[in-house]
Amino acid sequence: MKTAVITGGAGGLGQALATRLQREGWHTVLLDLPGPGVDELPQNEQQSIYACDLTDGGAVEQVAQQVLAEHTSIDLVVYNAGITHIGLFADMGLEAHRKVLDVNYFGAVHTARAFLKAVRASKGCHLAISSVAGFSPLIKRTAYAASKHALEGFFGSLRSEEKSYGVHTLIAAPSFVATNVGRSETQENGLARPGSSTDGVDYMSAERAADIIYKAYVRKTEMKPVGRVASLAWWLNRLSPKAYQLLMERNIKETS
């Protein structure tokens, strides 16, 4: 039985990815913040649960040691944990900006460091869940876009460093995944749950996104825009960044 570690495992996409992998016979190790979300997840022969704040590098190392002691091989690490901030940069405090980077980028870096040798040993895969905002601009998401651009830069570069060990690195970039629409739980500083925006375009289900991502993993794809909107955005932004930006601004404003 292969083993996958999934950060943000209590969220909609994390759960969908875990279910998709379990259908293929995998054991999934889910990491998420301590609290009701992770406490309610079932533990069984195909699923282990660990509470962990990914922004705390020491805590990530401790949990990783527990996971490695209980599982002989780590074949896949899915960097899925994330938060967003919806609003203008002019109205955003820098602490909120830092928090988005801490969770979305440094949380992934802490996790990658903790499982780096294990993934090398299994000749496994690093699977980073990015976003359309990781390869293109996205209005009212300056911190989120910055964090996802950083994530793609990190894992794109890590790919070159780890391929000599037989390690595969996949970056998956979904567009709008409907995991928490209308349930943003927005804090006073503007931070919100991922997948909660109401100004998105052509939402897709978490299950559909997970299926596309899994198939990209099986094919050893390196970069996978997930969904129709993501694919169109990928090509248009490459062909004409200016045209893409104008179209993005118009579509987001129309749904705001």
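How many residues apart in helix α6 do arginine 208 and aspartate 211 lie? The two sit three residues apart, about one turn of the helix. Their side chains meet in a salt bridge, with 3.7 Å from N to O. The model discussed here is predicted, and this pair is a handy way into it.

Start with the overall picture. The protein has eight helices and nine strands. Of its 256 residues, 52% are buried. Among contacts with a separation of 6 or more, 66% are between residues 24 or more positions apart. About 12100 Å² of the protein is exposed, and 52% of that comes from carbon and sulfur atoms.

Now for strand β2, which covers residues 27–32. Six of its six residues are buried, so β2 is largely enclosed by the rest of the structure. Both of its faces are covered. His27, Val29 and Leu31 are buried on one side, while Thr28, Leu30 and Asp32 are buried on the other. Strand β1 (residues 3–7) runs parallel to β2, and five bridges join them. Within this pairing, valine 5 has valine 29 of β2 as its bridge partner. To get from β1 to β2, the chain passes through helix α1 (residues 12–23), making a β-α-β crossover that is right-handed. Strand β3 (residues 47–51) also pairs with β2, again in the parallel sense and over five bridges. Here leucine 31 stands opposite tyrosine 50 of β3.

Back to the charged side chains. The count of salt bridges comes to seven. Aspartate 211, already met as the partner of arginine 208, also forms a salt bridge with arginine 20, where the closest N and O atoms are 2.9 Å apart. Arginine 20 belongs to helix α1 and aspartate 211 to helix α6 (residues 206–218), so this pair ties together parts that are 191 residues apart in sequence. How covered are these side chains? Arginine 20 counts as buried because its relative accessibility is 9%, and aspartate 211 is buried too, with a relative accessible area of 14%; the cut-off for buried is under 20%. Arginine 208, at 46% relative accessibility, counts as partly exposed. These residues also belong to a wider group: Arg20, Glu24, Arg208, Asp211 and Lys215 are linked in a network of salt bridges.

Another salt bridge joins glutamate 162 and arginine 120, with the closest N and O atoms 2.7 Å apart. This one links distant parts of the chain: glutamate 162 is in helix α5 (residues 142–162) and arginine 120 is in helix α4 (residues 94–122), 42 residues apart. Glutamate 162 is buried, with a relative accessible area of 2%. Arginine 120, in turn, counts as partly exposed at 25% relative accessibility.

And the cysteines? A search of the whole structure turns up zero disulfides. Cysteine 52 counts as buried, since its relative accessibility is 4%. Cysteine 125 counts as buried as well, at 1% relative accessibility.

Terms used: Residues are numbered from 1 along each chain as its sequence is written. This is a predicted model: local features need pLDDT of at least 70, side-chain atom pairs count only at pLDDT 80 or more; totals for chains, interfaces and linings use all residues. Side-chain values use heavy atoms; hydrogens and water are left out. A disulfide is a pair of cysteine sulfur atoms within 2.5 Å. Buried means under 20% relative accessible area, exposed over 50%, partly exposed in between (1.4 Å probe, protein chains only). Helices (H or I, at least four residues) and strands (E, at least two) are DSSP runs, numbered from the N terminus. Two strands pair if DSSP finds at least two bridges between them. A crossover is right-handed if, with the strands pointing away from the viewer, the path from the first strand over the helix to the second runs clockwise. Contact means heavy atoms within 4.5 Å. Accessible areas come from the Shrake-Rupley method with a 1.4 Å probe; for residues, only the protein chains shown count as cover. A salt bridge is a side-chain nitrogen of Lys or Arg within 4 Å of a carboxyl oxygen of Asp or Glu.
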